[in-house]
Amino acid sequence: MSGTSLKVTNTIDQSAPPSLRIDDAPREANERNLFSDFAGPVIVFILFIGFWYLLSTKLLPPQKRFLLPTPHRVVDEGFLTWSAGTQRGLKPILISLWDSVKVAVIGLFITIIIGTALATLMATRRWMERATWPYLVALQSAPILAMTPLIRALIDGIQLQRILVVVLIAFFPIVNNTLFGLLSVDTSQHELFSLHGASKFTRLRKLQFPAAMPNIFVGLRISAGLSVIGAVVGDFYFRQGGVVGIGAQIDIYRGRLWGAELIAAIILASIFGLVVFILFGLLSKVAIGKWHTTTRGR
Amino acid sequence: MAAALAFNNVGMTFPDGTKALGGVSFEINPGEFVTVVGPSGCGKSTLLRIASNLETETDGKCEVDRNSIGYVFQDATLLPWRTVRKNIELIAELHGINSDDRTKLAQDAINLVGLTGFEEKYPRQLSGGMRMRASLARSLVMKPEVFLFDEPFGALDEITRERLNDELLRLFQLEGFAGLFITHSISEAVYMSTKVLVMSARPGQIVDSFDIPFEYPRAHSLRYEPKFAEICGQVSLALRGALV
């Protein structure tokens, strides 16, 4: 993990293939066919599993094969075994995953509150934007992991340290996208509000925030994904006895050479990220799907 | 009778030194519909922006009750996240009208512009003409004494435009507001107005004025009468003169 700087260089939501984006523009019926909607993903899945078998039985040198057990062994030992001996089976994986989920969710919640508040201040007070923007850019370019020794030294309490890592990693996309949305309102719509003597607060509430919602949701989705990464990565660096996060658990499995549990834990951590992504996609659809459509050329 | 809107020698010089308007004077009484035509960039829209206080004149004075202005923009400027009904309630909302009165006023305006049945649609589900009707209704809710129109039908196809011209004239007769209308179309100007003003290129000045003698209500067929064509011709000539 050394050298991972977790830079967010692009805040445009590229994380889903076009046909999976929740806020996809309605497509015509004849464009939907069995192959592209179902057969495609299934074929890719089969190819992936086939490659995995090939890798763990043929391609990897024999002395490394224990780290990448075959898919059926992972399913059998990692998912279908509930609990065996100390730390083996699905149960300890889920316990540590739940531990990380809590950290990610609390961190994301704090990020949303502080990030949105800061973006609102920046949108309504120009000096505030000028004063904070350079440092926000610096923060998002800084390798958060390089700060872990400092965080460990300055902050007491493992939970607080882990949450702080999540906030630091997830912070920028929320602020950036919210600010961009708040400042992208149509001039004539602003003038409409000026004509009728709207206060700054009314303007924010009835014009800028609703108009910014599509951007805010893009920021939310990116930050939500990053909060998962932040939680998992934070686990590697901040852990103590007792229950550990999924990141730490993965490291333990690696150390004990438990390949099946290792892979199962990685898969579950990824599913967690996927669930968060889909959840925010649905949330976005519920909140703005009625009026907002994405457009694209053909 | 006091004028509803009066420009007294109004001039406008922007901070960058651009002189947009040079000494414009005219008055609009209640029940008058005045249209300004002029070359692109002559400061026609600036007139409306001054009247509505979006800009402040640098010379002269514009007198109007700013609490009773309706402003219809070039595009409908509907808020896409609000339904037609909620959009039409917006201005009443900004003026602090309570919810019950607002609903009633909005429904009246919706019926008046013929959007009944479309109240719960979102703007993206409407055609351009219907969006403009919604925009008109939104301003009508507060029953303004002065109505400012900034090329509202410029982006619409000709048939829709002519239909909306008739709709607007009907509203004008019904509500009796003072109208100030900006357009590029000479026939639209003559068809709608009690008076057509011709503006020169920048800095904009009123160089000619035509009283339009036709009685209201005006029928669509008026556009094909010789007298109508003659007046259009005169305005067109004046406009050509204003260009040089």
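This dialogue covers where two chains touch and how one strand sits in its chain.

Colleague: What kind of model is this, and how are residues numbered?

Modeller: It is a predicted model, where local features need pLDDT of at least 70, side-chain atom pairs count only at pLDDT 80 or more, and totals for chains, interfaces and linings use all residues. Residues are numbered from 1 along each chain as its sequence is written, while chains are lettered from A and ligands numbered from 1 in the order in which they are written.

Colleague: How many residues of chain A are in contact with chain B?

Modeller: Two residues are in contact if their C-beta atoms, placed from the backbone, lie within 7 Å. Here, 15 residues of chain A are in contact with 14 residues of chain B.

Colleague: Which helices of chain A supply that side?

Modeller: Helices (H or I, at least four residues) and strands (E, at least two) are DSSP runs, numbered from the N terminus. Helix H7 (187-195) and helix H8 (200-237) of chain A each supply at least two residues. The largest share, 7 residues, comes from H7(A).

Colleague: Is strand E3 of chain B buried or exposed?

Modeller: A residue is buried if 20 or more other C-beta atoms lie within 10 Å of its own, exposed if 12 or fewer, and partly exposed in between; C-beta atoms are placed from the backbone. In E3(B), residues 33-37, 5 of 5 residues are buried. B:Phe33, B:Thr35 and B:Val37 point one way, and B:Val34 and B:Val36 the other.

Colleague: Which strands pair with E3(B) in the parallel sense?

Modeller: Two strands pair if DSSP finds at least two bridges between them. E7(B), residues 178-182, pairs with E3(B) over 4 parallel bridges. E8(B), residues 195-199, also pairs with E3(B) in the parallel sense, over 4 bridges. B:Thr35 stands opposite B:Phe181 in E7(B), and its bridge partner in E8(B) is B:Val196.
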